[in-house]
Amino acid sequence: MATGFNKIRIFNQGHITTNKPLIEIKNISKEFDGEIVLKEVDLTIKENEFVTLLGPSGCGKTTILRILAGFENPTSGDILFEGKSILPLAPNKRQVNTVFQKYALFPHLNVFENIAFGLRIKKFKEPDIIDKVKQMLKLVKLENFEHRSVNRLSGGQQQRVAIARALINEPKILLLDEPLAALDLKLRQEMQYELKEMQVKTGITFVYVTHDQEEALTMSDTIVVINNGLIQQVGAPIDIYNEPRNRFVANFIGESNIISGIMIEDYKVKFEAHIFDCVDRGFSNNEKVDIVIRPEDMKIIDKDIAPMIGVVDSIIFKGVHYEICVIVDGTEYVIHTTKAREIGDIVGLDVEPQDIHVMEVGVLGNE
Amino acid sequence: MLKKILKYLDKHIYLVLLAPFMILSIIFTLIPIINSFYISFFDFSFLNPSKRSFVLLDNFKAVLTDDVFLTALKNTLLFVVVFVLAEMFLSLIVAVLLNAKIKYSNLYKTLIYLPYVVTPIAIGGIISQLFKKNSSLVLFLAKFGFENVTWNSTAPYAFWLVLLIVIWTQLGFFMVIYISAIKEIPEELYEAAEIDGANSFKKFRYITYPLLKNTRTLILFMCLLVSFQLFDLPYLISTIGGTSPGTPNNTTMTLVMYIYANAFRYNNMGLATAASVILFIIIFILSFVQNKLGERS
């Protein structure tokens, strides 16, 4: 319904992707002991794309990854790779490799042998193995670490070895299962940029699983938001953030004020007894809707000219900004601002039309 | 004062926790060991304990020149080599197979573990029934050329029968240790290898086997200790039908049986303690090596 949603994205964060579908997930469902964990999931992943499967624990994102890797079979549905079903193929026949959450490095082998493992299994000649391992070590910035035991590496270095070990097999798709979860915040942020850089350099499609929305927003070309085994929304990070399709997405991605309102007509939405201009259309007149306003989009203005007036209920200093909670007729609004207020202050609130995001009520996903 | 004691105990709580075990160990292990060392330098009999004469190393000389002791030592060493190799190989194979997702694997595990928890007396009883004269098994084996064989008292069958039974009874225990160690290996390692194209054998060769190195070392030394201290089953099996321990011709005689026979059948405590001191030194060296290897790994 939102006009700002780009259905086909060509550029994202400076990285060029093609529109050629590489993987098509067709109507996949999965049950474990009678419990449905994936419900008729459809998803297309394009060549050279960095796709992130984002959702809370237990939402089914890792199950999708394991089905793609060949460790699980779906209860129904199909997966096409370049137009052909890969379900009958064993994991090593799928042109897919995986970076595991806990890296899955072989503790009895050194860095070189960990990276060379796949090539040795495939019986590559020794000079070729040495060449390729050295290339990989260079790519992951671990030159001169080849003889080091993997047990003596830091978390970030182990992560790089795991990536090198996966990439040396030249997969067309790299599956990454929460690979940064075990790292501390600073290292995680550094690795986010490095992962993106590696993906751009190698041109391999990355399918990345995480529950961390910041990771997803930082690295992805496309984010797939999943909840309860249903895809909630697929889109570019900026679209997912600005135009959440339902309450779940709005809540899960960033902080939001979600208010019930009525769509009076195209471009006119009513909430808090005031009719606001907005940029949304296509709803029935007087249809009940959910409205999302991000805390940073709400403005505190002079109460004499404001459409909404409220009382400051709490204020928290967050470093870059203050998080202020304002109560308007019993409804709580969270506002991010750089200017402090006092608890009990009466303030006016306003929001620009493009910052009001109108959603249908009760959209669950996979629709 | 009480406060001081409580403070000291609080700081050294490990002493309090270790005390019961240490006290029992000292009474029932350390003192008897020291006493054995002491007795081994005397000519000593239980029938007349007050009359003991200091003989210095005569008991050791007598033991080391005793044909029965040398036979027992040879038997024990042969037993150790075969038992250790067989047990390490079989228990690993069984553990790997039963760790795979096969039907009734828990039932198989129980059946293999069962002999380990059955008392040796019961095992001896079962064996005596299985191998008694004209039993179904004996008659069945006769069809394969083993006619007129009394399995528990005919050389060299008796030795191999004892060996086979001990391997069978101990297999479950070592299998359980291997299974628990295999279960500790993260599934992700196998999945990573599978993606790289490793089949079941290669996963075993490149992941399971090397990652069980510490467990193998542990099992190796446990096997060594079990086999050096072997007594009950060979004793029970060789005495089926009232024959003397080590029947036939000491071919099933082990070091511990030799010690037992000298101490409690022939009332020669000096010889028995000297042999036990030799066995203690062998086991002590093995334990020392194991500790050193353990520290290194």
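Across the interface of chain B and chain A, 3 residue pairs are in polar contact, both residues at pLDDT 80 or more. The model is predicted. On chain B, the elements that give two or more residues to the side touching chain A are α9 (187-195) and α10 (200-211). The largest share, 7 residues, comes from α9(B). By class, this side of chain B has 9 nonpolar, 1 polar and 5 charged residues.

The contact takes 22 residues from chain A and 15 residues from chain B. Three residues, B:Glu188, B:Ile195 and B:Asp196, supply 42% of the area that chain B buries against chain A. That is more than any other three residues supply. The size of an interface is often given as the accessible area lost when the parts come together. Here the two chains bury about 1600 Å² between them. Carbon and sulfur atoms hold 65% of that area.

How many salt bridges does the rule find across the interface of chain B and chain A? The count is 1. In it, the side chain of B:Glu191 meets that of A:Arg66 at 2.6 Å, N to O. Side chains of opposite charge can pair when their charged atoms come close.

Over all chains, a search of the whole structure finds 21 salt bridges. Another of the pairs is A:Glu190 with A:Lys186, at 3.7 Å, N to O. Why are these two residues about one helical turn apart? They are 4 residues apart in helix α5 (residues 185-202) of chain A, so about one helical turn separates them.

Now the sheets of chain A. Strands of a sheet pair through backbone hydrogen bonds, either parallel or antiparallel. Two open sheets are set out below.

| Strand order (chain A) | Strands | Pairing |
|---|---|---|
| β8-β9-β10-β5-β11-β12 | 6 strands | mixed |
| β15-β14-β13-β16-β22 | 5 strands | antiparallel |

Take the sheet of 6 strands, with its mixed pairing. Its edges are β8 (96-99) and β12 (230-235) of chain A. Each has a single partner strand, so one side of each is left without a neighbour in the sheet. Neighbouring strands of this sheet are turned by 20 degrees against each other on average, direction ignored.

At the β8(A) edge, 4 bridges join this strand to β9 (residues 173-177) of chain A. The two run parallel. A:Thr98 stands opposite A:Leu175 in β9(A). Helix α4 (residues 155-167) of chain A lies across β8 and β9 of chain A. The helix runs at about 170 degrees to β8(A).

The sheet of 5 strands in chain A has antiparallel pairing. Which strands stand at its edges? They are β15 (274-277) and β22 (357-360) of chain A. Each of these has a single partner strand, so one side of each lacks a neighbour in the sheet. In this sheet the twist averages 45 degrees from one strand to the next.

At the β15(A) edge, the partner is strand β14 (residues 268-271) of chain A. The pair is antiparallel and spans 4 bridges. Within it, A:Lys270 has A:Ile275 of β15(A) as its bridge partner.

How values were computed. Residues numbered from 1 in each chain as written. Chains lettered and ligands numbered in written order. Predicted model: local features only at pLDDT ≥ 70, side-chain atom pairs only at ≥ 80, totals over all residues. Heavy atoms only, no water. Contact = heavy atoms within 4.5 Å. Buried area = accessible area lost by both parts, 1.4 Å probe. Salt bridge = Lys/Arg side-chain N within 4 Å of Asp/Glu carboxyl O. Polar contact = N/O pair within 3.5 Å; in protein donor to acceptor, adjacent residues only side chain to side chain. Nonpolar A, V, L, I, M, F, W, Y, C, P; charged D, E, K, R; others polar. Pairing = 2+ DSSP bridges. Axes fitted to C-alpha atoms, helices over the stretch in contact; angles between N-to-C directions.
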